[in-house]
Amino acid sequence: MGYLALVISLLISVALAAASYFGLKTDYQPAILAFAILTACTLILSFAFCVCLEVSRRRAQELKSESEKLLALLEHGSSAMLLLNANLEAEYINHRHPTLEKRRLEKSQNSIDMKQWEEHVGPETRLRIQEAISDRKIWRGELRFGDSEQADYLSTTISPIFDDDGKLKRIVVCCEDISKHKAIADRLFIREHYNILTGLPNRQFALRSLNTVIEKSALRSNEFILLHIDLDRIRYINESLGHHVVDKIFIETAERLRRCVRDEHILAHLGADEFLIILDKSSCHDEASILAESLLDRCRAPFYIEQHEVTISASIGLSQYPTDGNDGNTLMRRAEAAMFDAKSQGGDRFSFYDESMSSQADRRLEMENQLRHAIARNEFQLHYQPVISLRNNQLVGVEVLLRWQNDELGNPGPDEFIQVAEHSGQIIAIGNWVLEQACQQIVAWSRAGLPALSLAVNISSKQFIDGDILASVSRALNQSGLPAAQLELEITEGLLLNDTPAIRDIFKELKTLGVHLSLDDFGTGYASLSYLKRYPFDTLKIDRSFVHDIDGCEDSITLTNAIIAMAHSFGMRVIAEGVENLNQRRILRERHCDMVQGFLYSPALPAMEFVNWANRYSEMQHSKHI
């Protein structure tokens with residue numbers, strides 16, 4: 001174009017020179033004038049042409065630089081860019097972008113597999129994109145490529161371009177890879193809504209799912225059942241074998257529960273040893289009972305962890321929508337109340353919720369709150385039950401029993417409040433108080449003239465492990481001045497269920513202090529002969545359930561006789577609990593039982609009443625009335 005302008009300019013210069021030569025009348029020679037005009041015009045035009053060439057060259061360089069910058073921006077920017085024509089054919093692709101490298105066809109550097117894109121875009125998304133283009137609007141959203149395990153996520157903007165006639169001319173597609181951000185968001189979601197240990201939904205997610213099920217059930221007038229599962233004895237396993245073993249039990253339990261439920265059921269891990277199952281609308285009362293029994297069977301099966309064979313059980317509570325509640329919190333709370341009812345019956349069973357359980361749950365919570373202040377308010381009182389030697393009928397010791405005077409709760413019995421104290425962890429402080437007060441009382445009696453009595457104190461498993469029983473016993477003996485040989489710690493079989501070197505070491509250190517050890521309620525739980533061999537017990541206590549019908553049941557006599565003979569073979573003394581009549585005492589004496597306690601002699605008495613009883617009993621002994 002510049003050269004054409006130059007030629008035209010030269011022709012014009014020639015025409016001007018010719019006109020001046022032939023038509024202009026002047027004193028100068030026409031030829032010279034024409035030549036001068038031609039020369040001047042040529043010089044001016046040449047200069048102008050050079051200027052134009054320079055401007056064009058610089059403009060071309062600027063355009064090239066801008067084009068290179070724009071290309072670099074498109075090729076190396078954070079977004080992947082596509083320019084499509086109206087037929088969705090690619091006119092431009094910044095194929096160097098890693099996001100599009102995964103999506104393009106290998107056979108061509110400037111093509112992309114649009115069918116692959118269409119296959120990964122759902123029909124609803126495609127419809128929204130088409131509607132946005134028809135409405136001349138920009139569509140923004142996310143596109144996913146690949147399967148659920150290895151997916152690429154693109155944050156996408158699709159902008160249509162129309163010509164002056166309103167026809168679609170081109171489509172600009174701008175994509176940004178957000179796969180890493182998506183993965184982080186997914187991990188955060190999982191951490192917030194799932195139990196990291198078992199991979200099951202957590203309490204928050206379970207409650208949200210439960211409320212969703214309630215909304216759907218309310219619209220369709222459906223019913224469904226909720227199961228609250230709590231593993232029994234986990235605290236003892238944790239205390240004896242450690243957290244890592246308990247964690248593996250939780251993982252294995254979650255897998256066992258998965259195998260019991262159908263895909264349409266919701267299984268969640270609420271935390272610690274608690275699980276939740278939401279059944280679908282088709283599950284009836286009987287089916288829920290069958291499932292609960294199946295879950296109990298799965299939990300009973302032994303766990304084999306790090307050369308340990310561990311057995312547990314479970315307590316299950318069931319509540320039903322809408323009979324037992326219209327919202328998620330109420331249903332979960334009432335299923336939990338039913339679970340506590342099952343646990344209060346010894347565990348390893350299930351219970352359906354009824355209205356009486358809510359009052360029990362409220363009472364349990366109030367009892368826990370009141371227990372926190374019981375020591376400060378002087379509400380606890382110690383009662384003492386005498387232990388009598390069958391060899392000479394002499395008073396040789398006492399068992400201390402705790403009573404709680406609380407008018408607001410109606411003076412709960414030990415069977416009720418001790419369980420709450422253990423569950424809440426308050427049993428440690430309460431147990432230490434009992435130990436210190438009882439030791440001081442025995443010393444006070446000795447100074448007042450009573451014989452040197454042995455003192456039997458029940459020790460909770462939680463107090464034994466978490467409460468540092470060695471320090472507690474040493475402190476009680478030192479503060480009271482009671483000789484260690486007069487103190488006997490009564491251990492329940494639950495502590496021994498998971499035998500560990502740590503527990504045996506504590507037993508050895510207690511024996512080093514000089515205190516005696518007693519195995520309480522023998523024959524009612526899981527105790528085995530191996531416990532008597534591995535642990536240095538001094539006394540074995542026969543549970544009252546054997547003594548109760550010993551005067552009318554040959555089987556009870558046989559079992560009692562075997563227990564006494566076995567204990568004596570291990571060098572232990574034997575105490576029989578619950579002796580209520582002379583015939584029971586006679587049978588036990590004939591089987592060489594060492595000591596007895598029970599209502600035949602006296603129930604547990606407050607300290608002052610016990611002193612009066614002891615004095616009367618001593619007088620009767622001297623009078624040979626017994």
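**Exercise 1.** In this predicted model, find the helix in which Asn583 lies, then decide whether Asn583 is buried, partly exposed or exposed.

*Solution.*
- Start with the secondary structure: Asn583 belongs to helix H21, which spans residues 582–590.
- Next, take the relative accessible area, which is 29% for Asn583.
- Buried requires a value under 20% and exposed a value over 50%, so Asn583 counts as partly exposed.

**Exercise 2.** Look around Asn583: which side chain does its own side chain join in a polar contact, and how far is its C-alpha atom from that of Asp551?

*Solution.*
- The side chain of Asn583 makes a polar contact of 2.5 Å with that of Arg586.
- Along the chain, Asp551 is 32 residues from Asn583, and their C-alpha atoms are separated by 6.4 Å.

**Exercise 3.** Now turn to helix H16 (residues 469–480). Work out how its buried residues are arranged around the axis, and what they pack against.

*Solution.*
- Check the length: the twelve residues of H16 reach 16 Å from first C-alpha to last, close to the 16 Å expected.
- List the buried residues of H16: Ile469, Leu470, Ser472, Val473, Ala476, Leu477 and Ser480.
- These residues cover an arc of only 170° around the axis, so they sit on the same side of H16.
- The general rule helps here: an α-helix has 3.6 residues a turn, so residues three or four places apart point the same way.
- Finally, find the packing partners of the buried residues: helices H14, H15 and H17, along with strands E15 and E16.
- Just past the end of H16, Gly481 adopts a positive phi of about 80°.

Terms used:
Residues are numbered from 1 along each chain as its sequence is written. This is a predicted model: local features need pLDDT of at least 70, side-chain atom pairs count only at pLDDT 80 or more; totals for chains, interfaces and linings use all residues. Side-chain values use heavy atoms; hydrogens and water are left out. Helices (H or I, at least four residues) and strands (E, at least two) are DSSP runs, numbered from the N terminus. The expected span of a helix is 1.5 Å times one less than its number of residues. Buried means under 20% relative accessible area, exposed over 50%, partly exposed in between (1.4 Å probe, protein chains only). The arc is that of the directions from the helix axis to the C-beta atoms. Contact means heavy atoms within 4.5 Å. A polar contact is a pair of N or O atoms within 3.5 Å; within protein, one must be able to donate a hydrogen and the other to accept it, and residues adjacent in sequence count only if both atoms are side-chain atoms.
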